[in-house]
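Me: I should be grateful for a close look at the interior of the structure below. Please begin with the question of disulfides and then follow the packing and the salt bridges outwards from there.

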Amino acid sequence: MEGVSVRKIKKICVFCGANSGKDVAFVNAAFHLGEVLGKRKIDLVYGGGKLGLMGCVSTGVAQHERKVLGIIPSAFTVNNLVGETCGKEIKVATMQERLVMMMELSDAFIALPGGFGTLEELFQMISWAQLNIHNKPIGVLNINGFFNGLLSFVDHAVKQEFITPRARKILISATTADELVDKLQAFRFEPDPALSKLKWSPSSSQKEKLDLTLRL
């Protein structure tokens, strides 16, 4: 990290599966990520509850006495569907409201293995960065090659000129938690000159509950 400017990251939002996955390595890596965040004095923002990898990473952070914030749609709290959040919990009305709050309260984003919901959250944050809605670093923890196919697809989209080389730099990847956090801290946002001219009004967005549904 010598000679590289390091951004201050106090809170990281982690997207990951509510299942544990087939490989025990996913569970171990999720818990270890939580430990790494805790040791680095970084607080956690996540989707709430204690299921699957979500429960593992939140437990790892909490055991190092760092703050854990779960942002969860009220629908998931009926009949204790996802279990008790490890830390403070904020209930929201919709999935979109949840994601907007995650964006606002976090300094960076990490995706662990997961399903459609995890992928939606990851790519929503990437597209919002591309649109200059935020300039926060985004990375995937590529445990046992889980994201190899996805990263290859993104590179394929670059070759086919649907994703620009500049936009490709938005998505960071690493195979260990420490390496990924280091990369997030060293990330320098390079906005697209054309898209950087877009002006997103916080006041008007808040009135509409930041209903940012534009996708590229």
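Reply: In this predicted model, a search of the whole structure finds zero disulfides. Cys13 takes part in none, and the nearest cysteine sulfur, that of Cys16, lies 9.2 Å away. The relative accessible area of Cys13 is 0%, so this residue is buried. Cys56 can be described in similar terms: its closest cysteine sulfur is again that of Cys16, at 8.2 Å, which is too far for a bond. With 16% relative accessibility, Cys56 also counts as buried, the cut-off being under 20%.

The packing of the interior comes next. The largest nonpolar core comprises 62 residues, and Ile12, Val14, Leu33, Leu37 and Leu112 are those with the most contacts inside it. Helix H1, spanning residues 24-39, supplies the largest share of this core, namely seven residues. As a general matter, nonpolar side chains in soluble globular proteins tend to be buried together. Val14 gives a detailed view of the core. Apart from neighbours within four places in sequence, Val14 is in contact with Leu33 and Leu37, with Leu44, Val45, Tyr46 and Val57, and with Ile110 and Leu112. Over the chain, residues 24 or more positions apart account for 72% of the contacts with a separation of 6 or more. Buried residues make up 46% of the 216 residues, and the secondary structure comes to eight helices and seven strands.

Ile110, one of the contacts of Val14, leads to the pairing of two strands. Its bridge partner in strand E6 is Gly139. E5 and E6 run parallel and are joined by three bridges. Within E6, Ile138 and Val140 point one way while Gly139 and Leu141 point the other way, and all of these residues are buried.

Strands E5 (108-111) and E6 (138-141) are among the elements that cover the buried residues of helix H7, as are strand E1 (11-15), H1 and strand E7 (171-174). H7 itself runs over residues 177-186, and its buried residues are Ala177, Leu180, Val181, Leu184 and Gln185. Viewed down the helix axis, these buried residues fall within an arc of 135°, so they line one face of H7. The general geometry is that an α-helix has 3.6 residues a turn, so residues three or four places apart point the same way.

H7 also carries residues that take part in salt bridges, of which the whole structure has seven. One of them joins the side chains of Asp182 and Arg40, with an N to O distance of 3.0 Å. Asp182 belongs to H7, whereas Arg40 lies in the loop between H1 and strand E2 (43-46), so this pair ties together parts that are 142 residues apart in sequence. Asp182 is partly exposed at 25% relative accessibility, and Arg40 is partly exposed at 28%.

Another salt bridge lies within H7, where the closest N and O atoms of Glu179 and Lys183 are 3.5 Å apart. These two residues are four places apart in the helix and are therefore separated by about one helical turn. Glu179 has a relative accessible area of 31% and is partly exposed; Lys183 is likewise partly exposed, at 35%. In addition, Arg40, Asp178 and Asp182 are joined into one network by salt bridges that share partners.

A further salt bridge is formed by Arg168 and Asp155, whose closest N and O atoms are 2.7 Å apart. Arg168 lies in helix H6 (residues 165-168) and Asp155 in helix H5 (residues 148-159), so the bridge ties together parts that are 13 residues apart in sequence. Arg168 counts as buried, with 18% relative accessibility, whereas Asp155 is partly exposed at 33%.

One last polar residue may be added. Gln96, in helix H3 (residues 95-105), counts as buried at 18% relative accessibility. The C-alpha atoms of Gln96 and Pro73 are separated by 9.4 Å, the two residues being 23 residues apart along the chain.

Conventions. Residues are numbered from 1 along each chain as its sequence is written. This is a predicted model: local features need pLDDT of at least 70, side-chain atom pairs count only at pLDDT 80 or more; totals for chains, interfaces and linings use all residues. Side-chain values use heavy atoms; hydrogens and water are left out. A nonpolar core is a set of buried Ala, Val, Leu, Ile, Met, Phe, Trp, Tyr and Cys residues joined through side-chain atoms within 4.5 Å. Buried means under 20% relative accessible area, exposed over 50%, partly exposed in between (1.4 Å probe, protein chains only). Contact means heavy atoms within 4.5 Å. The arc is that of the directions from the helix axis to the C-beta atoms. A disulfide is a pair of cysteine sulfur atoms within 2.5 Å. A salt bridge is a side-chain nitrogen of Lys or Arg within 4 Å of a carboxyl oxygen of Asp or Glu. Two strands pair if DSSP finds at least two bridges between them.
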